[in-house]
Amino acid sequence: MFAAENGLKGDPRLEAISAAIRVVPNFPKKGIMFQDITTLLLDHKAFKHTIDIFVDRYKDMHISVVAGVEARGFMFGPSIALAIGAKFIPLRKPGKLPGKVISESYELEYGHDRLEMHVGAVEPRERVIIIDDLVATGGTLSAAISLMESQGAEVVECACVIGLPEVKGQHKLKGKPLYVLVEPSGLDELC
Amino acid sequence: MQTLISPFVSHSLRLAPPLPRNSLLNNYHQASPIRLSSHFSTTSLRLFNSGAAAASRDSEMTTEDGKDPRIAKIASSIRVIPDFPKPGIMFQDITTLLLDTEAFKDTIALFVERYQGRGISVVAGVEARGFIFGPPIALAIGAKFVPMRKPKKLPGKVISEEYSLEYGTDKMEMHVGAVEPGERAIIIDDLIATGGTLAAAIRLLERVGVKIVECACVIELPELKGKEKLGDAPLFVLVSSA
């Protein structure tokens with residue numbers, strides 16, 4: 001669900017966040033309007049608004065784990081985790097985590113990739129939110145959900161700053177709620 | 001698992017670290033194998049505090065030897081994984097620190113106490129573990145966060161800097177326009193080893209006229225003398241792993 005439809009309609013912070021995101025046409029390939037959150041990170045106020053909105057939503061939901069998807073999930077997840085008193089768990093590309101891992105594969109446009117998590121990082125029945133900067137097809141988030149559920153943890157919600165049109169109208173991802181702050185900027189632009 | 005102060009307990013398999021606050025973390029550590037080895041390195045604690053009383057200014061009373069009591073907790077929350085990524089390397093795994101909510105909070109607090117109120121407008125974080133520590137610090141001190149990334153990850157126009165690896169080279173990139181001349185920056189990474197990565201980050205920022213106030217890491221491997229690669233930039237670390 002989009003934040004504007006879920007209690008934050010007209011919230012000026014959402015507009016500030018949207019305005020701070022830069023669109024880079026034709027990256028990584030022709031036809032893709034890439035949503036660049038690095039400009040959001042340069043705007044201290046807008047970045048703070050982003051974190052505050054997630055923190056306000058999750059602080060009273062007894063969340064003990066914030067899992068962030070490499071690498072842009074790392075830029076948002078830890079600040080949220082610190083503010084709500086939760087652990088931060090990085091979900092990483094293969095071969096990065098040094099200890100014993102479990103892994104889950106997911107589809108790319110061409111081929112597939114894997115997401116890994118340390119064994120023992122999450123315990124059964126822990127309440128988890130999963131963070132990434134953007135959700136497109138939901139493939140990566142689905143893999144993250146599978147990792148958590150394989151360890152007996154409960155995914156309470158997936159949270160992203162940006163949600164592509166494919167997810168609009170869908171409230172659920174693999175049966176789990178999805179919370180998104182803004183739609184992509186400048187889809188009708190072309191340079 | 002790193003020990004705290006004494007180097008004399010190095011030869012037992014279980015190094016008897018203090019019980020982590022988080023019982024989940026305790027189970028987690030017991031699940032990870034620690035190889036018996038006479039070369040097993042221990043960790044000595046040294047708080048590198050190059051001249052700034054700022055780090056302890058707002059903290060609780062220090063221990064008898066002058067160290068901030070939060071440092072011990074932080075050091076004990078870091079897991080050591082032998083032979084990763086290859087034989088002979090004792091990998092310092094900060095993911096267990098991130099599972100210890102108090103230790104992670106204290107880590108950020110120590111950096112924030114040191115850097116707030118010093119006109120620092122840029123926190124640059126090195127991919128990928130610098131992305132975990134940098135943004136919370138940036139938010140707390142009112143600075144921008146600038147990710148320093150591997151090639152081809154940043155979508156916009158970039159400047160790049162090459163640096164040496166053990167075999168071969170790699171490149172580090174930063175977006176054009178992310179920083180402006182005259183800005184004051186700190187550079188964050190989880191660990192400094194040879195210093196090659198941090199040196200590349202320094203060069204990138206200095207090329208566009210930014211002043212490096214300090215490089216800040218959770219862990220230093222002092223034997224690798226990374227500090228020497230940083231030129232005039234000071235280095236601040238919380239934990240030194242011998």
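UniProt positions are given here in the numbering used for this model, with feature names shortened, and such annotations may be inferred rather than shown by experiment. The model is predicted, so to speak of local features needs pLDDT of at least 70, side-chain atom pairs count only at pLDDT 80 or more, and totals for chains, interfaces and linings use all residues. Residues are numbered from 1 along each chain as written, chains are lettered from A in the order written, and side-chain values use heavy atoms, without hydrogens and water.

Let's start with the annotated domains. Helices (H or I, at least four residues) and strands (E, at least two) are DSSP runs, numbered from the N terminus.

| UniProt feature (unreviewed entry) | Residues | Helix | Strand | End C-alpha distance |
|---|---|---|---|---|
| domain: Phosphoribosyltransferase | 44-165 of chain A | 32% | 35% | 27 Å |
| domain: Phosphoribosyltransferase | 106-226 of chain B | 28% | 36% | 25 Å |

Now to the interface. Chain B brings 39 residues and chain A 38 residues to the contact, meaning heavy atoms within 4.5 Å. About 3,100 Å² is buried between the two chains, 70% of it from carbon and sulfur atoms; this is the accessible area (1.4 Å probe) lost on putting the two parts together, summed over both.

On the side of chain B that touches chain A, several elements each supply at least two residues, including helix H1 (23-31), helix H5 (101-115) and strand S4 (144-148). Helix H6 of chain B gives the most, with six residues.
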